[in-house]
Amino acid sequence: MSFNESVRSDSSRVKTSGGRGRAASLGGGSILGVIALFLISQYTGIDLTSMLSEAPVGQGPAQSAVDLSHCKTGADANAYTECRMVTTADSLDVVWNAQLAEQQTGVPYKMPGFKIFRNSVSTGCGNATSAVGPFYCPADHTVYLDLDFFTQMERDFGAANAPLAQEYVVAHEWGHHIQNISGVFSRYNTREAGPNGGGVRSELQADCYAGVWMYWASHTIDPESGAAFLKTPTADEIAQALQTAQAIGDDRLQERFQGGSNPESWTHGSAEQRQKWLMHGLTQGSIGACNTWEARSL
């Protein structure tokens, strides 16, 4: 259990949609989709072309939207995955609003949209299917997530009963929003592949920002309840989040699905790099510590 039980949750913060089932899914499912998130946007290295549905959105029976009406407290967040997303979003808003101001970045915090969907969804970046996994669309400043991704995360990454690992995934996408409002996407070529390219630097910075959130969420007070959002993460919880970061490294994914790794095609960073920068943010708790763009060694 990660959140303090008395923390209040605002379910209206998160939007939901049902979508329709797909007659065909993208090859390899959401794991391969993670590899490809870097080509389409002129602002980011995130490839959303691979999430465009092979079958038109609207095929299959309509699905009901995710019900969030029972998501009211941290206790609910600890019991239900969908409620965990609500409270994670609440805490991310409060933490980033404070940190961007306290660390004198000169960047005012602007809340991103956060939408939980089933099967398919229309976004500012195109019609998306659940095959891509969680993603951030810079065109509409929104994080999108199909909860079924966490089922696959448990199956493929071994992240069963790992709430902090789930929260890390959301915090990473929030990190892309921080990059967006900070002007990172306009200053750097985040479409550049390779082990030291802009794509990898962008993803590792988002990992580091996720670590910054982990650090401050257990020190930041929920204004509604007066309690800190997160309980101090245990060593096991941190290890589970680090395991997830490693599992979605480019080298691990390419070796698993392609039989070998080609560093020149990396877009997200190696398992070692992703673990390193997540841990760097968690231990330093500083936005400035996440400047992957000037780091000589990633």
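This passage describes helix H10, its packing against H7, the nonpolar cores and a few individual residues.

The structure is a predicted model, in which local features need pLDDT of at least 70, side-chain atom pairs count only at pLDDT 80 or more, and totals for chains, interfaces and linings use all residues. Residues are numbered from 1 along each chain as its sequence is written, and side-chain values use heavy atoms, with hydrogens and water left out.

Helix H10 spans residues 271-284, and its 14 residues reach 20 Å from the first C-alpha to the last. That is close to the 20 Å expected at 1.5 Å a residue, the expected span being 1.5 Å times one less than the number of residues. Helices (H or I, at least four residues) and strands (E, at least two) are DSSP runs, numbered from the N terminus. Just after H10 comes Gly-285, with a positive phi near 60 degrees.

The buried residues of H10 (buried: under 20% relative accessible area; exposed: over 50%; partly exposed: in between; 1.4 Å probe, protein chains only) are Ala-271, Gln-273, Arg-274, Trp-277, Leu-278, Gly-281 and Leu-282. An α-helix has 3.6 residues a turn, so residues three or four places apart point the same way. The cover over the buried residues of H10 includes helices H5 (163-182), H7 (198-217), H8 (235-247) and H9 (250-258).

The axes of H7 and H10 come within 6 Å and cross at roughly 35 degrees; axes are lines fitted to C-alpha atoms, for helices over the stretch in contact, with angles from 0 to 180 degrees between N-to-C directions. Contact here means heavy atoms within 4.5 Å. Among the residues that make this contact are Leu-204, Asp-207 and Tyr-215 of H7, and Arg-274, Trp-277 and His-280 of H10.

Turning to the interior, a nonpolar core is a set of buried Ala, Val, Leu, Ile, Met, Phe, Trp, Tyr and Cys residues joined through side-chain atoms within 4.5 Å. The largest has 64 residues, of which Trp-96, Phe-114, Tyr-168, Trp-174 and Trp-213 touch the most other members. Not counting residues up to four places away in sequence, Trp-174 touches partners including Arg-13, Trp-96, Tyr-109 and Phe-114. Another core, of eight residues, lies apart and includes Val-121 and Tyr-144.

Two loop residues other than glycine have a positive phi: Gln-104, near 50 degrees, and His-141, about 55 degrees. Gln-104 sits between helix H3 (81-102) and strand E2 (113-117) and is exposed, at 71% relative accessibility. His-141 lies between strands E5 (135-137) and E6 (142-146) and is partly exposed, at 34%.
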